[in-house]
Amino acid sequence: VEFARYWSHIWTDSLVGRAESTVSADASREGLEQYLRRALQQAKPWDQVAMELLTATGSGAIGSKQYNGAANFLLAHHDAKSTRATAQIARAFLGKRIQCAQCHDHPNDSTLAQDRFWEMNTFLRQVSVTRGSGPDAPAVLASQDFYGDGRGDGAEAEVFYETTNGEIKVAYPELPGVTGVPRSGIVADFDRRAGLARYVAGSRDFRRVMVNRVWSQIFGFGFTSPVDDLGPHNPPSHPELLDALADQFAAHDHDLRALIRWMVLSEPFQLGAGPADDLADAPEHGRGRWFSRSYPAIVAPSAPRDSLLAMAKTMANDRNDLGVGTTANVKPGITAPGRAAAPGMATLPPGSRSSKTGPLTIAAPTVGQAGNFIPETIARILDGTMSAEQKLEHLFLVALQRPPTKRERALAQEIAGDFGRADREAWLRIWWALDGSRD
């Protein structure tokens with residue numbers, strides 16, 4: 001369960017981005033995460049997951065009669081001409097950043113010409129998104145016939161695009177290395193999305209970018225930086241290893257668990273951490289990556305949210321156990337400086353963190369010790385006259401070097417109870433949740 005929960009966070013971030021603002025109102029981030037979590041629990045082959053994401057129909061809203069969590073990927077990136085989805089599919093599944101090729105040839109990769117972008121785009125022109133009349137009616141993803149930008153009979157459904165010199169050109173469905181791709185835009189004749197999905201899931205680029213992304217999660221850095229930009233302009237640090245892992249990943253039915261197992265049993269994973277004595281192997285300083293040592297861990301994007309959620313659940317359980325309805329009556333396990341811990345005081349369950357193999361969880365301090373380890377900077381924030389919103393933002397900036405997201409604000413408020421009148425102990429709970437997420 002923890003494996004599925006952790007990796008569903010990772011893959012959701014890679015598919016729709018980390019920021020809540022990157023997901024359109026038509027899509028549900030929670031719905032996509034639920035789909036991925038179930039796929040991981042069922043040990044679905046990862047090429048099958050890719051095909052389901054690219055061919056999905058239905059509503060992304062959990063609880064909808066037409067619910068299909070996989071539909072949230074394309075719903076999140078849908079626009080009138082499917083240009084956003086084209087760029088995201090190439091980036092997430094093929095390791096190709098082709099968004100600039102929408103307007104001109106890629107400046108650094110000669111294999112990514114403008115016509116490549118629009119040829120891939122033709123495969124997504126059968127996508128339809130409809131919305132009900134009610135304000136809460138969910139968007140529904142479907143396939144519909146595409147008759148071409150010239151509005152013909154659909155037998156050769158073309159897409160028009162403009163080059164940098166103003167020339168209007170035409171694109172038809174084409175894929176590198178594939179011949180005889182039908183040009184019909186009629187779904188019954190040729191389901192273009194299904195054709196694209198088969199190509200993507202079976203391509204070597206797909207398994208290479210998947211391996212690169214997983215390696216970056218296990219070791220802190222991928223074979224390339226960024227991990228979703230593979231090409232002659234950005235060669236991998238260990239091309240033979242990347243290709244070997246990619247081929248074995250495919251040979252073992254795209255088994256994500258097997259891929260992770262190989263990595264954590266490898267010699268590089270067993271190496272200890274140490275200072276960057278060899279500056280040639282110091283990716284944390286913008287230099288090379290040779291994996292001759294264990295690099296400093298990077299906080300997973302989901303860690304602060306998970307820590308806050310765990311703290312909020314702990315507080316809710318404490319309230320239920322004690323028969324009270326507010327946090328004011330709960331004896332917290334994290335105490336203010338100078339206060340002794342009473343027997344039976346509610347505490348967070350012990351947690352640990354492995355930056356290598358598992359999710360980040362709260363590592364709670366022993367009862368009564370919390371006050372002894374508060375940095376002076378945090379004490380000034382907690383005891384200062386700033387507003388509750390300012391305190392929360394400062395705690396996030398100190399711990400994670402970024403402000404809180406909307407969901408993290410809501411979880412913090414749940415921990416604190418009455419946010420505007422939260423006492424020092426409530427702020428300590430929030431601080432320890434944030435600090436524990438990066439240990």
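**Close-up views of a predicted model**

**View A. Two cysteines without a disulfide.** The sulfur of Cys103 has its closest cysteine sulfur in Cys100, at 8.7 Å, which is too far for a bond. The model shown here and in the views below is predicted. Seen from the other side, the sulfur of Cys100 finds its closest cysteine sulfur in Cys103, again at 8.7 Å and too far for a bond. A disulfide would need the two sulfur atoms within 2.5 Å. The count of disulfides in the structure is 0. Cys100 is partly exposed, with 24% relative accessibility. Cys103 is also partly exposed, at 46%.

**View B. A cis peptide bond at Pro226.** Most peptide bonds are trans. The bond that joins Ser225 and Pro226 is cis, with omega at about 0°. Pro226 sits in the loop between α8 (204–219) and α9 (239–251).

**View C. Positive phi at Ser82.** Most residues other than glycine have a negative phi. Ser82 is not a glycine, yet its phi is positive, about 60°. The loop that holds Ser82 runs between α4 (72–76) and α5 (83–94). Is Ser82 buried or exposed? Ser82 counts as buried, because its relative accessibility is 5% and the cut-off for buried is under 20%.

**View D. Positive phi at Arg151.** Arg151 is a residue other than glycine with a positive phi, near 55°. The loop between β3 (139–143) and β4 (159–162) contains Arg151. Arg151 is exposed: its relative accessible area is 61%.

**View E. The largest cavity.** A search of the whole structure gives 2 cavities of 30 Å³ or more. The largest cavity holds about 100 Å³ of space. Its lining is made of 13 residues. Which of them lie nearest the centre of the largest cavity? They are Trp11, Leu15, Trp46, Phe93 and Met210. Four helices, α1 (2–16), α3 (46–55), α5 and α8, each supply at least two lining residues. α3 gives the most, with 4 residues. By class, the lining of the largest cavity has 11 nonpolar residues, 1 polar and 1 charged.

**View F. The second largest cavity.** This cavity has a volume of about 60 Å³. Its lining consists of Phe3, Ala39, Leu40, Ala43, Lys44, Trp46, Asp255, Leu256 and Arg257. Trp46 is on the lining of the largest cavity and on that of the second largest cavity. Which helices each supply at least two residues of this lining? α2 (29–41) and α10 (256–264) do. The lining of the second largest cavity divides into 6 nonpolar and 3 charged residues, with no polar ones.

**View G. Strand β3 and its antiparallel partners, β1 and β2.** Strand β1 (residues 58–59) pairs with β3 in the antiparallel sense, over 2 bridges. Ser59 has Val140 of β3 as its bridge partner. Strand β2 (residues 127–131) also pairs with β3 in the antiparallel sense, here over 5 bridges. Thr130 likewise has Val140 of β3 as its bridge partner. Val140 is thus seen bridged to Ser59 and to Thr130.

Conventions:
Residues numbered from 1 in each chain as written. Predicted model: local features only at pLDDT ≥ 70, side-chain atom pairs only at ≥ 80, totals over all residues. Heavy atoms only, no water. Buried < 20%, exposed > 50% of the residue type's maximum accessible area, 1.4 Å probe, protein only. 1 Å grid on protein atoms, 1.4 Å probe; cavity = no way out; pocket = protein on both sides within 12 Å on 5 of 7 lines; lining within 4 Å. Points joined across faces, edges and corners; volume = space filled by probe spheres on them. Nonpolar A, V, L, I, M, F, W, Y, C, P; charged D, E, K, R; others polar. Pairing = 2+ DSSP bridges.
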